[in-house]
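Got the viewer open and a selection box ready? Let's walk through this one stop by stop.

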Amino acid sequence: MGKRPAPSLKGTDGGTIIRPSQGAMQYGDTDDFGPTYCTAFVQDEECRILVDTGSSVTIMSERFFNKIREKVKDRIQQTTQVPYKIQGVTGHMNRPIAEVQHIPLRFDKRSGIWNLNAGI
């Protein structure tokens with residue numbers, strides 16, 4: 001009688017292989033258990049986008065908006081009269097400092113433009 005082989009330390013999640021979603025494979029990167037990101041461009045400025053299909057709003061950081069502001073100023077509409085608040089992951093409610101419409105977003109440099117609306 002020989003020794004029984006030691007069990008593998010690598011889990012298989014009950015035998016099920018976990019694959020990234022089609023969208024993650026096509027547009028971005030992900031890990032098996034973490035959030036899905038994709039790369040996009042606003043007037044040739046590269047940005048990394050967190051994809052949250054459960055969110056009811058789209059937000060952009062003030063830092064990134066300040067980076068692209070001059071490049072998009074002739075294409076966008078901006079208001080500081082934002083009528084809603086956003087609840088963050090900690091539960092705090094915050095009103096965006098502005099809302100911007102028609103931000104020219106591309107998922108690669110050859111694709112068409114999506115006119116994104118976002119809170120800043």
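Start by selecting Arg48 and Tyr37: Arg48 lies over the face of the Tyr37 ring, 4.2 Å from the ring centre. Keep in mind as you click around that this is a predicted model.

**Zoom out for a moment**

Colour by secondary structure and you should find two helices and eight strands in the protein chain. Trace the chain along its sequence and the pattern reads α-β-β-β-α-β-β-β-β-β. If you colour by accessibility instead, buried residues account for 20% of the 120 residues. For the contact-map fans: take the contacts between residues at least 6 apart in sequence, and 38% of them join residues at least 24 apart.

**The E2–E3 hairpin**

Now select strand E2 (36–42) and strand E3 (45–51). E2 and E3 run antiparallel, paired over seven bridges. To see one of those bridges, pick Val42 and look for its partner in E3, which is Glu45. The two strands make a hairpin with two residues between them.

Which residues of the loop between E2 and E3 deserve a click? Gln43 is one that sits there, and Asp44 is another. Gln43 has a positive phi of about 50° despite not being a glycine. Asp44 is not a glycine either, and its phi is also positive, at about 70°. Switch on the surface and check how they show up: Gln43 is partly exposed, with a relative accessible area of 29%, while Asp44 counts as exposed at 58%.

E2 has another partner to visit. Add E7 to the selection: E2 and E7 pair in the antiparallel sense over two bridges. Phe41 is a handy marker here, with Arg106 as its bridge partner in E7.

**Two cysteines**

Stay with the sticks on and select Cys38 and Cys47. How far is the sulfur of Cys38 from the closest cysteine sulfur? The distance is 7.9 Å, to Cys47, and that is too far for a bond, because a disulfide needs the two sulfur atoms within 2.5 Å. The disulfide count by this rule is zero. Seen from the other end, Cys47 is in no disulfide, its nearest cysteine sulfur being that of Cys38.

Are these two buried or exposed? Cys38 is buried, with a relative accessible area of 7%, and Cys47 counts as buried too, at 13%.

**Down the axis of H2**

Next, select helix H2, residues 62–72, and show side chains for its buried residues: Phe64, Phe65, Ile68 and Val72. Rotate until you are looking down the axis of H2; those buried residues fall within an arc of 90°, so they line one face of the helix. The general background is simple: an α-helix has 3.6 residues a turn, so residues three or four places apart point the same way.

What do the buried residues of H2 pack against? Show strand E2, strand E3, strand E4 (77–79) and strand E7 (99–106), and you have the strands they pack against. Then flip to the other side of H2, where Arg63, Lys67 and Glu70 are exposed.

Before leaving this helix, click Glu62, which also lies in H2. Glu62 is partly exposed, with a relative accessible area of 45%. Leaving aside residues up to four places away in sequence, Glu62 touches Ile97 and Ile120. Try a distance label between the C-alpha atoms of Glu62 and Pro96: they are 34 residues apart along the chain, but separated by 9.5 Å.

**Last stop: an aromatic pair**

The structure holds one aromatic pair. Select Phe107 and Trp114 to see that pair: the arrangement is edge-to-face, 5.1 Å centre to centre, with 80° between the planes. Those two numbers are the usual pair to report, as a pair of aromatic rings is described by the distance of the centres and the angle of the planes.

Put the surface back on for one final look. Phe107 is partly exposed, with a relative accessible area of 23%, whereas Trp114 counts as exposed at 55%.

Technical notes:
Residues are numbered from 1 along each chain as its sequence is written. Side-chain values use heavy atoms; hydrogens and water are left out. Buried means under 20% relative accessible area, exposed over 50%, partly exposed in between (1.4 Å probe, protein chains only). Helices (H or I, at least four residues) and strands (E, at least two) are DSSP runs, numbered from the N terminus. The arc is that of the directions from the helix axis to the C-beta atoms. Contact means heavy atoms within 4.5 Å. Two strands pair if DSSP finds at least two bridges between them. Rings of Phe, Tyr and Trp (its six-membered ring) pair if their centres lie within 6.5 Å; planes under 30 degrees apart count as stacked, over 60 as edge-to-face and the rest as tilted. A charge sits over a ring if NZ of Lys or CZ of Arg is within 6 Å of the ring centre and within 35 degrees of the ring normal.
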